[in-house]
Each structure stands twice: as C-alpha cells, then as structure tokens.
Amino acid sequence: MIKEDREKFRQWMIQLGVPVATAKTANSFLEGKEYAQEIGFPLVIRPSFTLGGTGGGFVHDKDELDEALNRGLQASPIHEVLVEQAVLGWKEFELELLRDNADNVCIICTVENFDPMGVHTGDSITVAPAMTLSDTGMQLMRNTAIRMMRDLGNFAGV
C-alpha cells in the first residue's frame with residue numbers, strides 16, 4: 001500500500017501540492033545518521049511497511065538517534081525508514097470522510113487533539129467536532145482530503 005511506503009506517500013503528497021515536512025529515506029544506519037544531521041532535531045523516524053507506528057518515534061537530540069534508527073530499520077521488513085523533521089508542538093486536527101463509488105464525498109467529522117503534536121492521538125484528549133479550527137483551515141483540509149481521495153481512485157465497492 002502506498003500509505004505504508006513512506007517515500008511513495010511523500011512523493012504522492014508533493015505531486016498533489018500538499019506541503020510535507022523535510023525528509024529523506026534511509027536504507028542504512030549511516031544514511032539515517034547523515035540525513036538526521038542534514039535535517040536537524042527534533043526528528044521523527046517512520047519505518048516503511050509497519051502499522052500503528054511500530055518501530056517509529058520522536059528523536060529529540062543526537063543521544064536518542066542511534067537507538068531510534070536501529071529500532072526503525074529493524075521494524076521495517078524492507079529495512080527502510082523515513083527520517084523526517086518533527087513538527088512537535090503544532091496543533092493537530094483530523095478529518096474523517098467517506099467517498100462512495102459514485103464519487104460522492106461526505107465529511108463525517110473533524111477531530112481536534114487537545115494535546116499538541118507529539119502526544120499520540122490514542123493517548124490524547126480529543127474533541128469532535130474541532131472547536132478551534134478556522135473556517136479557512138476547515139476548507140483547506142476538506143479540499144485537500146477530497147483531492148487525495150479522488151486521486152487515490154476506486155479500490156473497493158461495486
């Protein structure tokens with residue numbers, strides 16, 4: 001799946017014009033260390049082809065890097081991680097939507113994390129619908145999500 005191949009997903013977002021954090025894909029420990037130095041801390045390590053964040057995590061400084069890189073590379077079945085600039089402290093919003101075979105899109109709800117980025121959604125207090133998301137922000141999320149869904153194509157249903 002494209003969403004579990006971190007580099008393919010990143011390239012897809014860039015192709016769609018969706019801003020992404022600075023990142024590079026590493027297939028070795030030394031590559032990961034080199035990219036971490038180029039990008040700077042804090043970082044997030046995202047192993048390819050793992051679910052639920054397995055093997056990934058935040059790296060706040062160089063003292064945490066070696067362990068995080070090794071963990072991520074070992075967790076990935078293809079020994080690959082995305083070394084990405086972390087956006088710790090940013091507000092986090094989610095958008096739940098549904099698209100049918102006739103290309104109708106329904107926005108189910110927005111979700112706002114009470115805690116800033118860096119606290120896993122499953123461990124954070126969330127509010128639905130989002131309470132502090134501006135109308136402009138909502139429209140941007142909505143339009144971007146619909147564009148992504150339509151570009152993804154049909155993969156289920158009749």
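This report covers the two sheets of a predicted model, the helices across them, and a few selected residues.

**The four-stranded sheet**

One open sheet holds four strands in the order S1-S4-S2-S3, and the pairing is antiparallel. S1 and S3 are its edge strands, and each of them pairs on one side only. On average, neighbouring strands of this sheet are turned by 25° against each other, direction ignored.

Take the S1 edge. S1 pairs with strand S4 (residues 81-85) over four bridges, in the antiparallel sense. Lys 24 stands opposite Val 83 in S4.

Two helices lie across this sheet. Helix H2 (residues 29-39) lies across S1, S2 and S4. Helix H3 (residues 62-75) lies across S1, S2, S3 and S4. The angles are tabulated below.

**Thr 25 in strand S1**

Thr 25 is found in strand S1, which covers residues 23-26. Is Thr 25 buried or exposed? Its relative accessible area is 17%, so Thr 25 is buried, the cut-off being under 20%.

Which side chain makes a polar contact with the side chain of Thr 25? The partner is Glu 7, at 2.6 Å. Leaving aside neighbours within four places in sequence, Thr 25 is in contact with Glu 7, Glu 31, Tyr 35, Glu 80, Val 81 and Leu 82. Of these contacts, Val 81 falls in S4, the strand of residues 81-85. Glu 31 and Tyr 35 fall in H2, the helix of residues 29-39.

**The three-stranded sheet**

A second open sheet has three strands, in the order S5-S6-S7, again with antiparallel pairing. Strand S5 (93-99) and strand S7 (126-127) stand at the edges. Each has a single partner strand, so one side of each is left without a neighbour in the sheet.

S5 and strand S6 (residues 105-113) run antiparallel and are joined by seven bridges. Arg 99 has Val 105 in S6 as its bridge partner. Helix H4 (residues 135-152) lies across S5 and S6.

**Helix directions**

Each row gives a helix, the strands it lies across, and the angle to one of those strands.

| Helix | Lies across | Angle |
|---|---|---|
| H2 (residues 29-39) | S1, S2 and S4 | about 170° to S1 |
| H3 (residues 62-75) | S1, S2, S3 and S4 | about 20° to S2 |
| H4 (residues 135-152) | S5 and S6 | about 45° to S5 |

**The aromatic pair**

How many aromatic pairs does a search of the whole structure find? It finds one. The partners are Phe 9 and Trp 12. Their rings lie 5.8 Å apart, centre to centre, with 75° between the planes. The pair is edge-to-face because its angle is over the 60 degrees set for that class.

Both residues belong to helix H1 (residues 6-16). They are three residues apart, so about one helical turn separates them. Phe 9 is partly exposed, with a relative accessible area of 29%. Trp 12 is buried, at 9%. Glu 7, the polar partner of Thr 25, also falls within the residue range of H1.

**Gly 53 in a loop**

Where is Gly 53 placed? It is in the loop between strand S2 (43-47) and strand S3 (57-59). Gly 53 counts as partly exposed because its relative accessibility is 47%, which lies between the 20% and 50% cut-offs. Gly 53 and Lys 91 are 38 residues apart along the chain, and their C-alpha atoms are separated by 19 Å.

Note on methods:
Residues are numbered from 1 along each chain as its sequence is written. This is a predicted model: local features need pLDDT of at least 70, side-chain atom pairs count only at pLDDT 80 or more; totals for chains, interfaces and linings use all residues. Side-chain values use heavy atoms; hydrogens and water are left out. Buried means under 20% relative accessible area, exposed over 50%, partly exposed in between (1.4 Å probe, protein chains only). A polar contact is a pair of N or O atoms within 3.5 Å; within protein, one must be able to donate a hydrogen and the other to accept it, and residues adjacent in sequence count only if both atoms are side-chain atoms. Contact means heavy atoms within 4.5 Å. Two strands pair if DSSP finds at least two bridges between them. Axes are lines fitted to C-alpha atoms, for helices over the stretch in contact, and angles run from 0 to 180 degrees between N-to-C directions. Rings of Phe, Tyr and Trp (its six-membered ring) pair if their centres lie within 6.5 Å; planes under 30 degrees apart count as stacked, over 60 as edge-to-face and the rest as tilted.
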